[in-house]
Amino acid sequence: MMGVKEKLLLIKRNTVEILGEEELHELLKKKKKPVVYLGTAITRSPHVAYFTWAIKLADFLKAGFKVKILLADLHGALDNTPWNDLEKRYGYYKKIIPLVFESIGVSVKNLEFVKGSDFELKKNYQEDLLKLTTIVSVKNSMKAASEVVKQRNNPKVSGLIYPLMQALDEEYLGVDVQYGGVDQRKIFVLAGEILPKINYKKRIHLMTPILPGLIGEKMSSSNPRSKIDLLDDESTVKAKIKNAECVAGNSNNGLMAFLKYVIFVIKNDKKEKLIIERDEQHGGNLIYSDYLSLEKDFVSKKLHPLDLKNALAKEINLLLTPIRKKHKELFKLYKESYG
């Protein structure tokens, strides 16, 4: 059975920051089954960077947490998803997100999926939301949302409501911890400040890195060139990886980040090694048991970008296998949701 120290180390691995690390330690000591949640707004089509947070939620499961995943339909609307598309996109997310967990060997029986509008439209929630609007300034709300909600030249009020709802979700989901990418930090800080003002407890917040995209920026659903979609076929994955930015000797790129935070975490948990297949005339196969060894060879140019790309494309295609088994059903939902 895992002890408190082991649980803490598992939860902390590959994190950027924890707001309330001491409180997390106390929580693990005092509460038999703490509760953590991650929210994902149903905006554009999910991509392979979602594996980052699926792996971290799997860590929480192993550490004895109850895990809730909020499929945030109303947040999607507040972040510019057309209202008429909400139910369709919710249906798509509800089908495809569980398959991400299946791909990494996590049973969805151990997860609780929650639809945002099921509780966010209720009277008590709305009253609390209105209370928060009388406490939080426009400036602070806009600052909190700046890295999450897509701001336009003429910002909408919806962008101000988004972070208030994300804070309030912590209380109504009954969680001890909220987890997300480091881009959520300003919302997490705001949540910690404002919930106590309406007599709700401050939660613990944990963040993991945002993976760079294939062309050097954040992997984003809004830019097809920067991401590998969960529905991309094998040849498309290979083509996107082949065209991705990856300069010999420079490990600062999206491919290396994906290897570090996704592929090697999965390999290490399974006690497997990553095999880079090469012709004998080019030195034969390279075998790595950890990311740092691979990075060292890449920086020293012992490992060529093309060989790395071929290996990564193969690994991503293996990850997407469970999703491809249901491609016909998923693609139909995708077309209905995104046109």
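**Entry 1: the second largest cavity**

I started with the second largest cavity, which has a volume of about 60 Å³. The model I am working from is a predicted one. I listed the residues around this cavity and got Arg13, Asn14, Thr52, Ile55, Lys56, Asp59, Thr208, Pro209, Tyr261 and Val265. Which elements give two or more residues to this lining? I found helix H3 (50–62) and helix H12 (254–269). H3 provides the largest share, four residues. I then sorted the lining by class and noted four nonpolar, three polar and three charged residues.

**Entry 2: Thr208**

From that lining I picked Thr208 for a further look. I located Thr208 in strand E6, which covers residues 204–208. Is Thr208 buried or exposed? Its relative accessible area comes to 4%, and the cut-off for buried is under 20%, so I put Thr208 down as buried.

Next I checked the side chain for polar partners. A polar contact of 2.7 Å links the side chain of Thr208 with that of Tyr179. Setting aside neighbours within four places in sequence, I wrote down the contacts of Thr208 as Asn14, Thr15, Val16, Thr52, Lys56, Tyr179, Gly180, Gly181 and Val182. Asn14, Thr52 and Lys56 from this list also appear in the lining of the second largest cavity.

**Entry 3: the other cavities**

I went back to the search of the whole structure, which turns up three cavities of 30 Å³ or more. What is the volume of the largest cavity? I have it at about 80 Å³. Around the largest cavity I find Leu78, Asn80, Val149, Lys150, Gln151, Arg152, Asn154, Pro155, Lys156, Ser158 and Gly159. By class, I count this lining as three nonpolar, five polar and three charged residues.

**Entry 4: the nonpolar cores**

Last, I looked at the packing of nonpolar residues. How many residues does the largest nonpolar core have? My note says 79, and the ones with the most contacts inside this core are Leu24, Phe60, Phe65, Leu259 and Leu294. H12 gives the largest share of this core, eleven residues. So I have now met H12 twice: in this core and, with Tyr261 and Val265 falling in its range 254–269, at the second largest cavity.

I followed up on Phe65. Not counting residues up to four places away in sequence, Phe65 touches Ile11, Leu24, Leu27, Leu28, Lys33, Pro34, Val35, Val36, Phe60 and Val177. Another core lies apart from the largest one; this other core has 30 residues, including Tyr125, Val148, Leu168 and Ile194.

How values were computed
Residues are numbered from 1 along each chain as its sequence is written. This is a predicted model: local features need pLDDT of at least 70, side-chain atom pairs count only at pLDDT 80 or more; totals for chains, interfaces and linings use all residues. Side-chain values use heavy atoms; hydrogens and water are left out. On a 1 Å grid over the protein atoms alone, a cavity is a set of points where a 1.4 Å probe fits but cannot get out, and a pocket is an open set with protein on both sides within 12 Å along at least five of seven lines; lining residues have an atom within 4 Å of a point. Grid points are joined across faces, edges and corners, and a volume is the space filled by probe spheres set on the points. Ala, Val, Leu, Ile, Met, Phe, Trp, Tyr, Cys and Pro count as nonpolar, Asp, Glu, Lys and Arg as charged, and the others, Gly among them, as polar. Buried means under 20% relative accessible area, exposed over 50%, partly exposed in between (1.4 Å probe, protein chains only). A polar contact is a pair of N or O atoms within 3.5 Å; within protein, one must be able to donate a hydrogen and the other to accept it, and residues adjacent in sequence count only if both atoms are side-chain atoms. Contact means heavy atoms within 4.5 Å. A nonpolar core is a set of buried Ala, Val, Leu, Ile, Met, Phe, Trp, Tyr and Cys residues joined through side-chain atoms within 4.5 Å.
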